[in-house]
Protein chains: 2
Amino acid sequence: MDPIKVMVNGLPGNMSTKAAEHILQDSSLKLISYALTGPKTEATETQIGSEAVRLIKPNERQQMIESIKKAEGMIICVDYTHPSAVNDNAAFYCENGLPFVMGTTGGDRTLLVKMVQESGIAAVIAPNMAKQIVAFQAMMEYAAETFPDVFKGYSLEIKESHQQGKADTSGTAKAMIGYFNRLGIPFTKDQIRMERDPEVQRSKWGIPDAYLNGHGWHTYSLRSEDGTVFFQFTHNVNGREIYARGTIDAIYYLAKKIDQGVKGRVFTMIDVLKGV
Amino acid sequence: MDPIKVMVNGLPGNMSTKAAEHILQDSSLKLISYALTGPKTEATETQIGSEAVRLIKPNERQQMIESIKKAEGMIICVDYTHPSAVNDNAAFYCENGLPFVMGTTGGDRTLLVKMVQESGIAAVIAPNMAKQIVAFQAMMEYAAETFPDVFKGYSLEIKESHQQGKADTSGTAKAMIGYFNRLGIPFTKDQIRMERDPEVQRSKWGIPDAYLNGHGWHTYSLRSEDGTVFFQFTHNVNGREIYARGTIDAIYYLAKKIDQGVKGRVFTMIDVLKGV
């Protein structure tokens, strides 16, 4: 079978680089040697392993994509760019018939979905590409729907640690609050204990030095009113490996859907996980 | 509304005593001042708070139950007896039209269910009355069904601690292994790390002295092959409070089902949790 051709946009960013490296190592995938980049990127090229990838600025992308498509045929795009670029990039993919995996967060998400639905392409759109975490969130959502208030009377503590650069509260932690609320525990996002200090992360949390600049550690602790029952759920991610793996799965899933002739459909990581 | 009349069998055992105390404190429930006990029990009476409960031996139970039913009318039985008594007690309940909540484990469980289905009564049968743990198991089962193999490549460690008297592996831990297997992780029950030494439980696990003789602590740890992702689920129960609370919920649920005229039906704690 011919390899699936993939263009990774957002290079030379960290996450897109990691995804491109994984694609390069997978013999069923072929990394296209072109990538969309932001208007402020100075480099014109980036190296992924032994491959040089030409970086394309927004003002030249329309012209370039036409010749790339002519040379390569069907291409899947992976997007790890910037929240400010989400909708503009999506419009570009839709107009040029480029199915895509959107790993970039932010932007107008409703509009994003609508664009795909009104287009002739299919896309996987996932604010979190980590399959195991997505599965855990789905478990929590299932519990919230099936057993509302089962933790009524319990107290909750949420602790999360992320690299210093991350200013906002973790999206995963916010989603989890919604599930805990439905499980009977009042809790607001101001009550999350956020850690952003590398010194504390190293000494108190035991986060390895190598990952102080890229990690997401979460712990949810529940205690019954009388103190006799204690539940704790932890998911700690170091680095970006888990997201790159999820991206690869999303690419395979999307390629299968394209083969089936699916158009105008948005898939989530839950769909990728279920594999149907 | 008249209180629901409840006979707690297995007194003066620890778990039945705890359940009886909860019933006594609940103004919507009335504790019947008679209880079935084992053939070896020497006492003829036991004290639950301010109430004296007469203990009934197997050889006198048929005669006694007839007069109790005459005096009290509809009664729900709660059974915290002994694995060896499960089927015999269930036969007694079925023959005498006594709906029951079976919290005792062991016995022939298939036969137990069959007896109820062929009888004119309804029962809640639950090897674990702890609602929150049952909900957690249901979450795991949902994940195993919905996302098979999502943790493929991960390694698993299971640690559990129970009071010294508990010789066998925890039933909850065994059920969890089944879910983890379906989630992609090979694991057998011999790999569970069981702790039964009170000294280690105190010093290494931090289990409070008061609960060394009655607790169930479980921790499941998952680590990705490359070591960058770590998940951990913990549920620690001290004492028997959580089971007593679940028992009360099961009684209310069963009373509702009886009111609806349900006969020959077995319910689980999942049904109780869902409340439908």
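## Exercises on two interfaces

In this predicted model, chain B and chain A together bury about 3,100 Å², and 68% of that area lies on carbon and sulfur atoms.

**Exercise 1.** Describe the side of chain B that touches chain A, beginning with the residues that bury the most area and ending with the residue classes.

*Solution.* Begin with the area: Q132(B), M139(B) and F147(B) supply 20% of what chain B buries against chain A, which is more than any other three residues supply. Next, find the elements involved: α5 (131-146), β12 (229-238), α8 (241-259) and α9 (269-274) of chain B each give at least two residues to the side that touches chain A. Of that side, the largest share comes from α5(B), with 11 residues. Finally, sort the residues by class, which gives 21 nonpolar, eight polar and four charged residues on the side of chain B that touches chain A.

**Exercise 2.** Work out how many salt bridges and how many polar contacts link chain B and chain A, and how their β12 strands run.

*Solution.* Count the salt bridges first: between chain B and chain A there are zero. Then turn to the polar contacts, where 10 residue pairs are found across the interface of chain B and chain A, both residues of each pair having pLDDT of 80 or more. For the strands, look at β12 of chain A (residues 229-238), which is joined to β12(B) by nine bridges, the two running antiparallel. As an example of this pairing, V237(A) stands opposite V229(B) in β12(B).

**Exercise 3.** Within chain A, locate the two domains and describe how domain 1 meets domain 2.

*Solution.* The domain assignment places residues 4-129 and 241-274 of chain A in domain 1, and residues 131-238 in domain 2. The C-alpha centres of these two domains of chain A lie 30 Å apart, while nine residues of domain 1 are in contact with nine residues of domain 2. The area buried between the two domains is about 790 Å², with carbon and sulfur atoms giving 69% of it. On the domain 1 side, N128(A), I242(A) and L273(A) lose the most area to domain 2, together 56% of what that side buries.

Now check the charged pairs: one salt bridge is counted between the domains of chain A. D249(A) forms a salt bridge with K131(A), and their closest N and O atoms are 2.9 Å apart, which is within the 4 Å cut-off. Lastly, α8(A) gives the largest share of the domain 1 side that touches domain 2, namely four residues.

Terms used. Residues numbered from 1 in each chain as written. Chains lettered and ligands numbered in written order. Predicted model: local features only at pLDDT ≥ 70, side-chain atom pairs only at ≥ 80, totals over all residues. Heavy atoms only, no water. Buried area = accessible area lost by both parts, 1.4 Å probe. Salt bridge = Lys/Arg side-chain N within 4 Å of Asp/Glu carboxyl O. Polar contact = N/O pair within 3.5 Å; in protein donor to acceptor, adjacent residues only side chain to side chain. Nonpolar A, V, L, I, M, F, W, Y, C, P; charged D, E, K, R; others polar. Pairing = 2+ DSSP bridges. Domains from an automatic or database assignment. Contact = heavy atoms within 4.5 Å.
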